[in-house]
Amino acid sequence: MPMPLVIGLIKASLPSYFPERHGVFDAALAALEEIAGACGARIVEAEGVPMTGAEAQQALDQCRGQGAEFILLLHGGFTMGDVARQIALSDLPIGVWATPEPGHEGDIQLNNFVSLNMSLSIARGVRDLRRNPVQWYFGAPEDTALRARLGRSFRALSARAALRDARVGVIGGLAPTFYNMAVSPDTLKRATGVEPVHVDMHRLTATMAACGAEPVAQEVAAMAARAEVRGVSDAQMALTARAALALRQIVAEDGFAGLAVSDWPALQDDPGMHPGAAFTWLEEVDNLPLASEGDVLGTVTQIVTRALTGRVGSLLDMTSPQLDADRILMWHGGGGPLYMGGAEAAWINHPMIGRGTPDGPRFGAIADFVFPDGPHTVLRVARSGSAAFGFEAEVRAGDESGFTGCRGWVTDFRSARGAHSAGDIVTSVMEHGLDHHFVLVPGSFASDFREFTAWMAMEPLEIISEHDGLANGIG
């Protein structure tokens, strides 16, 4: 698991204002520790209250020395521009928080909002806000809206931190001819910090073969206890367990943050299986970011999803739009964590690999389930980590359950720009030329994802309205 986000707190005020008298610093720190703790982050605090640029730099150095990756400048009272300017000159992501006045009669006690206004305008003068954003916060420590805004930032920054120096094991490379999912390693490293690392397929198969009979039997029993085995042979379940154990071992040995695995065609030749159920099992039990078909950006999106939501989602194809019904089937015949399918999930034979041959579909197991109704978010990091696409929708059962595998119908599409149709979503996917895997995760996380992409300076790929005619260069 990645190291937690460290948030550096710098308190600021002039002595002619009275944050201590009104308990501003203590209340703010208590609130921050609670909000940070909820998303696995932690707070470090600079000593003193800087009043000059030199003192602000000392405070920055203290926070950086304790591992801070985000600086929060807290205006307890009116703060000199030298302090705000020096912090804005830092290459770290920064936020600026001001609390409201304790009362509105007599002498002004804090004058924080004016100071917040001044600090943000100073930051604009010395900082490239497209590449290095500054987030502002205004509210009392107990304010619900303020806490939500801070929490969203901490989750987004935790996702940013999760990509820092993350290594993704790419086992076997891309699936044949899936050119659209190729990445530029240099662009990916520069944009996100992620490094794809090649792992030879023979290492996976050799590790599978070396697994002991007892651990394999224990893993099969655990899988059977969690979901019904429907028609999958004992031999294929054992191969599935061997694949899960081997992938887990490779992650542990190399310290990978996630895996992108070419699940076909090599594994069907040796050892004669498909690892879809193994992917599901590792997503469910290990919460491991994992993508099929060698999709590195699918794995990156899963790393981000886990950081934002606490769980990996299901990596899916946008399979069958029904524009007249305003719905799209999200489906895949590979992995998908069992928690997204509830008690009805089952292990079944892969329905396609081997289909049309004399032996029939016998190469490995997959999970089979339907997503329950409710709000979900669809996400994709794109263009070698330099762009991102996402929206929210409702999973809603239709008159047809969808194809065998992990699946659900999505409808009621929405983004920050408002409501959208299935036609808008399809138009956007086509005209942005998006890679054909998307992560679906339960809950509403599009705003968290948008803030993450802003901190990462990713290009937001907006929803394009359905239209007739040529795209005219859009996307």
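Strands, cores and packed helices

Visitor: What makes strand 6 and strand 9 count as a pair?

Guide: In this predicted model, strand 6, which covers residues 167-171, and strand 9 are joined in the parallel sense over 4 bridges; two strands are said to pair if DSSP finds at least two bridges between them, so strand 6 and strand 9 qualify. Within this pairing, valine 168 stands opposite glycine 258 of strand 9.

Visitor: How do you know that strand 9 and strand 10 pair, and in which sense do they run?

Guide: Strand 9 and strand 10, the latter at residues 290-292, run parallel and are joined by 3 bridges, which again satisfies the requirement of at least two. One residue pair of this kind is valine 261 with its bridge partner in strand 10, serine 292.

Visitor: What makes strand 6 and strand 7 a pair?

Guide: Strand 6 and strand 7 pair over 5 bridges in the parallel sense, against a requirement of at least two. Arginine 167, for instance, has glutamate 195 in strand 7 as its bridge partner.

Visitor: Why do strand 7 and strand 10 stand at the edges?

Guide: The sheet is open, has 4 strands paired in parallel, and follows the order 7-6-9-10. Strand 7 (195-199) and strand 10 each have a single partner strand, so one side of each is left without a neighbour in the sheet. From one strand to the next, the twist averages 20°.

Visitor: How do you know whether the faces of strand 9 are covered?

Guide: In a regular strand, side chains alternate between the two faces of the sheet. Strand 9 spans residues 258-261, with Gly258 and Ala260 on one side and Leu259 and Val261 on the other, and these are all buried, which leaves both faces covered.

Visitor: Which residues have the most contacts inside the largest nonpolar core?

Guide: That core has 60 residues, and Ile171, Leu204, Leu259, Ile328, Trp347 and Phe391 are those with the most contacts inside it. Helix 9 gives the most to this core, with 8 residues. Leucine 204, its neighbours within four places in sequence left aside, is in contact with Ile171, Ala246, Leu247, Ile250 and Leu267. Another core, of 46 residues, lies apart from the largest one and includes Leu29, Leu150, Leu157 and Val168.

Visitor: Why is glutamine 236 described as buried or exposed, as the case may be?

Guide: Glutamine 236, found in helix 9 (residues 234-254), has a relative accessible area of 8%; buried means under 20%, so glutamine 236 is buried. The side chain of glutamine 236 reaches the backbone oxygen of glycine 272 at 3.0 Å, and a polar contact requires a pair of N or O atoms within 3.5 Å.

Visitor: How are helix 8 and helix 11 oriented to each other, and how do you know?

Guide: Two packed helices are described by the angle between their axes and the distance between the axes. For helix 8 (residues 213-226) and helix 11 (residues 276-285), the angle is about 80° and the axes are 12 Å apart. Angles of 65 to 115 degrees count as roughly perpendicular, and helix 8 and helix 11 are therefore roughly perpendicular to each other. Where they meet, Glu219, Ala222, Met223 and Arg226 of helix 8 face Ala277, Trp281 and Glu284 of helix 11 in contact.

Visitor: With which residues is serine 415 in contact, its neighbours within four places in sequence left aside?

Guide: Serine 415, which lies in strand 17 (residues 406-415), is in contact with His420, Arg450 and Ile463, where contact means heavy atoms within 4.5 Å.

Conventions:
Residues are numbered from 1 along each chain as its sequence is written. This is a predicted model: local features need pLDDT of at least 70, side-chain atom pairs count only at pLDDT 80 or more; totals for chains, interfaces and linings use all residues. Side-chain values use heavy atoms; hydrogens and water are left out. Buried means under 20% relative accessible area, exposed over 50%, partly exposed in between (1.4 Å probe, protein chains only). Helices (H or I, at least four residues) and strands (E, at least two) are DSSP runs, numbered from the N terminus. Axes are lines fitted to C-alpha atoms, for helices over the stretch in contact, and angles run from 0 to 180 degrees between N-to-C directions. A polar contact is a pair of N or O atoms within 3.5 Å; within protein, one must be able to donate a hydrogen and the other to accept it, and residues adjacent in sequence count only if both atoms are side-chain atoms. A nonpolar core is a set of buried Ala, Val, Leu, Ile, Met, Phe, Trp, Tyr and Cys residues joined through side-chain atoms within 4.5 Å. Angles under 35 degrees count as roughly parallel, over 145 as roughly antiparallel, 65 to 115 as roughly perpendicular and the rest as oblique.
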